[in-house]
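Work through the exercises below with the sequence and the model open. Try each task before you read its solution.

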Amino acid sequence: MYEYVETWCVEVMFRSGPKISTRWDDPDAYEGQYPPDWDARRRAVYQRDNYTCQQCGRRSGPHAGANGAVLHAHHQTPLSQGGWNHLGNLVTVCQRCHDQTHGHPTGRGYTGREYNGVRAIQTAAKLIRRIVRRLS
Ligand SMILES: [Zn+2]
Ligand SMILES: [Zn+2]
């Protein structure tokens, strides 16, 4: 019973998409604008940059909660100019700065609410574990 609950929680937490694979660094390796592991990639970039816009310093995620800046991962060398998707070419910017950089509205943002969702699942998992421990 204990193991079953544990497995279920882990599965829920990691269902959000494939892990980062270096084979998707190369934009020629897949169809379309974003690599299949884009969600994992941008999250890794936000985490590395402390959920902070590297242009204006506004914050999101664990620091600013649901009301923080909407974050985007921006290609420093654009894919159209030979840039790749590896993390060294990606930088955290807020939506406002990103729109300014490109001169047009940009998409696929990250809000603190996403982070809060993961935290809610972790809290629930902890609660279930405590209940199971008491029952067994
Ligand atoms: Zn900014
Ligand atoms: Zn960009």
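**Exercise 1: a glycine in a loop**

G68 is buried, because 22 other C-beta atoms lie within 10 Å. The cut-offs are these: a residue is buried with 20 or more other C-beta atoms within 10 Å of its own, exposed with 12 or fewer, and partly exposed in between, with C-beta atoms placed from the backbone. This is a predicted model, in which local features need pLDDT of at least 70, side-chain atom pairs count only at pLDDT 80 or more, and totals for chains, interfaces and linings use all residues. Residues are numbered from 1 along each chain as its sequence is written, and chains are lettered from A and ligands numbered from 1 in the order in which they are written.

Task: place G68 in the chain, and find its C-alpha distance to Y51.

Solution.
- Step 1. G68 sits in the loop between α3 (61–64) and β1. Helices (H or I, at least four residues) and strands (E, at least two) are DSSP runs, numbered from the N terminus.
- Step 2. Y51 is 17 residues from G68 along the chain, and their C-alpha atoms are 9.5 Å apart.

**Exercise 2: two positive phi values**

Task: compare N50 with Y51. Which is buried, and which is partly exposed?

Solution.
- Step 1. N50 lies in the loop between α2 and α3. Y51 also has its place in the loop between α2 and α3.
- Step 2. Phi of N50 is near 55°, a positive value in a residue other than glycine. Y51 also has a positive phi near 55°, and is likewise not a glycine.
- Step 3. Set this against the general rule. Most residues other than glycine have a negative phi.
- Step 4. N50 counts as partly exposed because it has 13 C-beta neighbours inside 10 Å. Y51 is buried, because 22 other C-beta atoms lie within 10 Å.

**Exercise 3: the strand pair**

Task: how do β1 and β2 run, and how many bridges join them?

Solution.
- Step 1. Get the order. The chain has five helices and two strands. Along the sequence they follow the pattern α-α-α-β-β-α-α.
- Step 2. β1 and β2 run antiparallel, joined by five bridges. Two strands pair if DSSP finds at least two bridges between them.
- Step 3. Check the register. L71 stands opposite C94 in β2. A73 stands opposite T92 in β2.
- Step 4. Check burial. Four of the five residues of β1 are buried. In β2, too, four of five residues are buried.

**Exercise 4: the nonpolar core**

Task: which elements each supply at least two residues of the largest nonpolar core?

Solution.
- Step 1. List the members. The largest nonpolar core has twelve residues: V45, Y46, Y51, C53, A69, L71, A73, L90, V93, C94, C97 and Y110. Such a core is a set of buried Ala, Val, Leu, Ile, Met, Phe, Trp, Tyr and Cys residues joined through C-beta atoms within 7 Å.
- Step 2. α2, β1 (71–75) and β2 (90–94) each supply at least two residues of this core. β2 gives the most, with three residues.
- Step 3. Look at helix α2 (residues 38–48). Its buried residues are R41, R42, R43, V45 and Y46.
- Step 4. Look at C94. Leaving out residues up to four places away in sequence, C94 touches C53, C56, R58, A69, V70 and L71. Contact here means C-beta atoms, placed from the backbone, within 7 Å.

**Exercise 5: one side of a helix**

Task: what do the buried residues of α4 pack against?

Solution.
- Step 1. In helix α4 (residues 95–102), the buried residues are Q95, C97 and H98.
- Step 2. They lie on the same side of α4, because they cover an arc of only 160° around the axis. The arc is that of the directions from the helix axis to the C-beta atoms.
- Step 3. These buried residues pack against β1 and β2.
- Step 4. G103 follows α4, with a positive phi near 75°.

**Exercise 6: confidence**

Task: which element has the lowest mean pLDDT, and which the highest?

Solution.
- Step 1. pLDDT is the predictor's confidence in each residue, from 0 to 100. The chain averages 82, and 76% of the residues score at least 70.
- Step 2. Helix α1 (residues 2–13) has the lowest mean, 44, and β2 the highest, 96.
- Step 3. Over residues 1–15 the pLDDT is below 50, and this stretch has twelve contacts in the model beyond near neighbours in sequence.

Notes. Contact = placed C-beta atoms within 7 Å.
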